[in-house]
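Trainee: I should be grateful for a close look at a single part of this protein. Please take me through one salt bridge and then through the strands and the charged surface that belong to the same account.

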Amino acid sequence: METREIDLRIVFQTIKKRLWLIALITGLLTVLGILYNSRPEPQVFVSSTRVIISANSEMMTTVRALVREPIVLNGVINELQLNATPGQLRSQIRVDSVDSSLITVISVLDSHPERAADVANAIVDHYREVAMDTLGVHNIRLLTAAEPNPVPINTASNTIVYIAFIVGLILSITLAFLLESLDDSVRTEQDVETRLGLNMLGQVSGIKSRSVAQQIRKPKSAIIRSESIGS
């Protein structure tokens, strides 16, 4: 099988020839990435509270799952007069264990840091009551109450812009080489030798029409001969 070598000069000439196309596509996708990244988004704040639950391993999963149940969330909604359903409030709550220990972290996401802290603390209060009434679990102790966190978790990032730039650069270069491969015009000596199988003996350089016109219009200098006639 014949191996084809990559000529870096051809690659450079192709990129140079289609540089406007590469710059256009890359710039367009980059601008779209900037516009998408600069769109306004509501800030999201998180507030967490820590409790310790004294229950055996068989009951621990059930006790922790009770945090996000409507029987607890309805009490929180009524207490804080929230404009949300139990399903909506459930999507804002996350329950995690600390290194598989008895310590449980209850985190609440909200667009207001103060409301996130209030919801987290209210969940713990109603959760302790419901767990005691329904499961008979009395050993739920508050370790750390939730406090408002003024720093949002969804800070702006330029990752989308960088991705748009790289994707635009790859697509534009690929399109440039695709158009070059579809172009079957003969422009160089190598094209003649490759496609026709002929050896080049010489070439005629291009002559600009302006220079030809100047040569035609250029007046020829007249030669005047003079002779002296003696007496």
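Mentor: Arg-115 is partly exposed, because its relative accessibility is 34% and the partly exposed class lies between 20% and 50%. Please keep in mind that this is a predicted model. The side chain of Arg-115 meets that of Asp-110 in a salt bridge, with 2.8 Å from N to O. The partner has another setting: Asp-110 counts as buried because its relative accessibility is 11%, and buried means under 20%. This contact is therefore made between a buried residue, Asp-110, and a partly exposed one, Arg-115.

A search of the whole structure finds two salt bridges. Besides the pair just described, Asp-96 forms one with Arg-94, where the closest N and O atoms are 2.9 Å apart. Here Asp-96 is partly exposed, with a relative accessible area of 27%. Arg-94, by contrast, is exposed, since its relative accessible area is 56% and the exposed class begins over 50%.

Let us turn to the strands. Strand E3 comprises residues 103-110, and strand E2 comprises residues 93-97. E3 is mostly covered, as six of its eight residues are buried. One residue found in E3 is Thr-104, which counts as buried because its relative accessibility is 1%. Thr-104 and Arg-64 are 40 residues apart in sequence, yet their C-alpha atoms are 7.8 Å apart in space.

E3 has pairing partners that include E1 and E2. With strand E1 (residues 45-53), the pairing is antiparallel and extends over eight bridges; within it, Ser-48 stands opposite Ser-107 of E3. E2 also runs antiparallel to E3, and five bridges join the two. In this second pairing, Val-95 stands opposite Ile-106 of E3. The hairpin of E2 and E3 has five residues between the strands, and in this hairpin Asp-99 takes a positive phi near 50 degrees.

Such a value deserves attention, because most residues other than glycine have a negative phi. Gln-81 offers a further example: although not a glycine, this residue has a positive phi of about 55 degrees. Gln-81 lies in the loop between helix H4 (70-80) and helix H5 (86-90). With a relative accessibility of 67%, Gln-81 counts as exposed.

Let us now consider charge on the surface. Glu-79, Glu-114, Asp-118, Asp-125, Glu-129 and Asp-133 form a negative surface patch. Helix H6, residues 113-135, supplies the largest share of this patch, namely five residues. Among the members of the patch is Asp-118, a residue of helix H6. Asp-118 counts as partly exposed because its relative accessibility is 43%.

Finally, these parts may be placed within the whole. The protein has nine helices and four strands. Read from the N terminus, the order of the elements is α-α-β-α-α-α-β-β-α-β-α-α-α. Of its 231 residues, 24% count as buried. Strand E3, with six of its eight residues buried, and the salt bridge between Asp-110 and Arg-115 are good places to begin when you inspect the model yourself.

Conventions: Residues numbered from 1 in each chain as written. Predicted model: local features only at pLDDT ≥ 70, side-chain atom pairs only at ≥ 80, totals over all residues. Heavy atoms only, no water. Patch = residues over 30% accessible without salt bridge, like charges linked within 9 Å, V, L, I, M, F, W, Y side chains within 5 Å. Areas by Shrake-Rupley, 256 points an atom, 1.4 Å probe, with all protein chains shown as cover. Salt bridge = Lys/Arg side-chain N within 4 Å of Asp/Glu carboxyl O. Lys, Arg positive; Asp, Glu negative; His and termini not counted. Charge placed at Lys NZ, Arg CZ, Asp CG, Glu CD. Buried < 20%, exposed > 50% of the residue type's maximum accessible area, 1.4 Å probe, protein only. Pairing = 2+ DSSP bridges.
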